[in-house]
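This briefing addresses salt bridges, helix geometry and packing. Please consult the sequence and the model as displayed below.

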Amino acid sequence: MSARINGLCEVLLFVLMIAMIVITTAQVVCRLVTQALTWSEELTRFLLVAASLVGAAVAFYRGSHISVTFVIEKLPKRGQTLVFLVMQALGVLFFGVLARYGHVIMEREALQTTPALGISMSVLYAQFPLFSAVVILHLLATAEIYLRGGRR
C-alpha cells in the first residue's frame, strides 16, 4: 500500500511542479502583454506548500531525507535495530502531532477563505493531516520491511 500511495504522490508532485511553472510563466507573459493575473501568485504559493508536503512524503518513502549514520553504523546490529525503531517511532509521533494540529487548524479556519481565489482555508489546511498520514504509513512500512530483514 505504501508503494502504491508513493507512486500517486510522485505523479502528484510532478503535476504540482508543472502547474507552478505554467502558472508562473502565464503570470509573466500576461503582465508583459496585458494585465497581471490577480490569482496566480496566491495559487503558486499554495502549490508550493503542497509540493513541499508531497515531496517530504516521497523523501520518507525513499529514505532520502537527511540523516547522520556514522555513529549508528558503529553499533552492533541489535543497537542499530533499536535506534532505527526509536527513530521511526519518533517520526510517527511527530507526524501524528502534525496531523492532529493540522486537523484542529483545518476545523478552526473552515469559514475563512483565501483573498484571491476564494477557496476555503480548510481545504488548504487539509494537506497537513493528509500528508502526515502518508508519511506515517511510509514510516510504519519501512519499519516492517526493516524488521523482516530487508531494506527499501
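Three salt bridges are present in the structure, which is a predicted model. The points below treat these pairs, then helix α3 and the residue I136.

**Salt bridge between helices**
- R62 pairs with E10, their closest N and O atoms lying 2.9 Å apart.
- This pair joins distant parts of the chain, since R62 belongs to helix α2 and E10 to helix α1 (residues 2-33), with their positions 52 residues apart.
- R62 is exposed at a relative accessible area of 52%, whereas E10 is partly exposed at 31%.

**Further salt bridges**
- E41 and R45 form a salt bridge with closest N and O atoms 3.7 Å apart.
- Because E41 and R45 are four residues apart in helix α2, about one helical turn separates them.
- E41 is exposed, with 56% relative accessibility, while R45 is partly exposed at 44%.
- E144 forms a salt bridge with R148, the closest N and O atoms being separated by 2.8 Å.
- E144 is partly exposed at 42% relative accessibility, and R148 is exposed at 68%.

**Helix α3**
- Helix α3 (residues 77-108) has 32 residues, and its end C-alpha atoms are 46 Å apart, in agreement with the expected span of 46 Å.
- Its buried residues include Q80, F84, G91 and F95.
- The buried residues of α3 pack against α2 (40-62), α4 (121-125) and α5.

**Residue I136**
- I136 lies in helix α5 (residues 127-147) and counts as buried because its relative accessible area, 17%, is under 20%.
- Beyond its neighbours within four places in sequence, I136 contacts V92, F95 and G96.
- The C-alpha atoms of I136 and A89 are 9.4 Å apart, although the two residues are 47 residues apart in sequence.

How values were computed:
Residues numbered from 1 in each chain as written. Predicted model: local features only at pLDDT ≥ 70, side-chain atom pairs only at ≥ 80, totals over all residues. Heavy atoms only, no water. Helix = DSSP H or I, 4+ residues; strand = E, 2+ residues; numbered from the N terminus. Buried < 20%, exposed > 50% of the residue type's maximum accessible area, 1.4 Å probe, protein only. Contact = heavy atoms within 4.5 Å. Expected span 1.5 Å × (residues − 1). Salt bridge = Lys/Arg side-chain N within 4 Å of Asp/Glu carboxyl O.
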